[in-house]
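Reader: I am in my first year and would like a close look at one part of this model. Please take me through the surroundings of the ligand and what they connect to.

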Amino acid sequence: MSAAATDRALRDAFGCFATGVTLVTTHWNGQDWGMTCSSFNAVSLDPALVLWNIRHNATSHQAFVHGGGYTVSVLGSEHQELAQAFARGTQAERFAAGEFVRLDSQRLKLASALAWFDCKLYQTVQAGDHDILLGQIEHYGSRPGKGLVFERGQFAVDTLETGAASTSPF
Ligand SMILES: Cc1cc2nc3c(=O)[nH]c(=O)nc-3n(C[C@H](O)[C@H](O)[C@H](O)COP(=O)(O)O)c2cc1C
């Protein structure tokens, strides 16, 4: 297989893993920065840690690495257009696509997020062409609602009952 074909095959294999979708934001150099992110995940309860991965050549890479922290807004089923808006265009165009609330950290969170986590940067791990940004949660919240799902390059909606108490043993 050529390098390009291998790259495509690997992307296709990664894409089989269905994820949720988030917006990650930071405030750096007097400006708001944000992008769509599906690599978000929970890491630890004590201390409360999360992570996500940022591409080295993202234009907001410097902002997220040097911004001191980030805010994650988990997207609901009604947020597909926002997910698309935050993966293209200027930062001003991205934030104009939704309603945001400024937190005490100065970072913006999506007003209607299903869940949100305001984090200080805990550790940065260089990993190939991405950096893993571990964050320690300082404030968070959540509400009932259906999550936006991303699988094989397409958006979908989960089929769970909304607002039901968690039955997971984990
Ligand atoms: C569903 C979805 C998930 C994404 N997840 C990530 C991610 O986890 N990390 C990343 O670096 N880019 C991710 N991207 C791509 C960025 O959102 C996109 O490249 C964005 O334009 C980067 O912004 P910037 O170059 O202005 O910093 C994702 C895009 C989409 C549509």
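Reader: Which strand supplies the largest share of the shell around the ligand?

Author: The largest share comes from β5, with four residues. Before going further, note that this is a predicted model, in which local features need pLDDT of at least 70 and side-chain atom pairs count only at pLDDT 80 or more, while totals for chains, interfaces and linings use all residues. Residues are numbered from 1 along each chain as its sequence is written. Strands (E, at least two residues) and helices (H or I, at least four residues) are DSSP runs, numbered from the N terminus.

The ligand has 17 residues around it, and S38, S39, R55, A58 and S60 come nearest. A residue is near a molecule if its C-beta atom, placed from the backbone, lies within 6 Å of it. Both β3 (31-37) and β5 (49-55) supply at least two residues of this shell. By class, the shell has nine nonpolar, six polar and two charged residues. Here Ala, Val, Leu, Ile, Met, Phe, Trp, Tyr, Cys and Pro count as nonpolar, Asp, Glu, Lys and Arg as charged, and the others, Gly among them, as polar.

S38 lies in the loop between β3 and β4 (41-44). S38 counts as buried because 20 C-beta neighbours lie inside 10 Å. The rule is that a residue is buried if 20 or more other C-beta atoms lie within 10 Å of its own, exposed if 12 or fewer, and partly exposed in between, with C-beta atoms placed from the backbone. Not counting residues up to four places away in sequence, S38 touches T19, V21 and F150; two residues are in contact if their C-beta atoms, placed from the backbone, lie within 7 Å. S38 and V21 are 17 residues apart along the chain, yet their C-alpha atoms are separated by 4.8 Å.

Two of the contacts of S38, T19 and F150, lead to another sheet. T19 belongs to β1 (19-20), and F150 to β11 (residues 148-151). These two strands run antiparallel and are joined by two bridges; strands pair if DSSP finds at least two bridges between them. The bridge partner of G20 in β11 is V149. The open sheet here has three strands in the order β1-β11-β12, with antiparallel pairing. Its edge strands are β1 and β12 (154-157), each pairing on one side only.

β3 and β5 themselves belong to an open sheet of seven strands, in the order β3-β2-β6-β9-β10-β5-β4, with antiparallel pairing. The edge strands of this sheet are β3 and β4. β4 and β5 pair over three bridges, and A42 stands opposite V50 in β5.

Both β3 and β5 also supply at least two residues each to the largest nonpolar core, as do other elements including β2 (22-28) and β6 (69-74). That core has 29 residues, and L23, V24, V72 and L75 have the most contacts inside it. A nonpolar core is a set of buried Ala, Val, Leu, Ile, Met, Phe, Trp, Tyr and Cys residues joined through C-beta atoms within 7 Å. Leaving aside residues up to four places away in sequence, V24 touches G34, M35, C37, W52, Y70 and V72.
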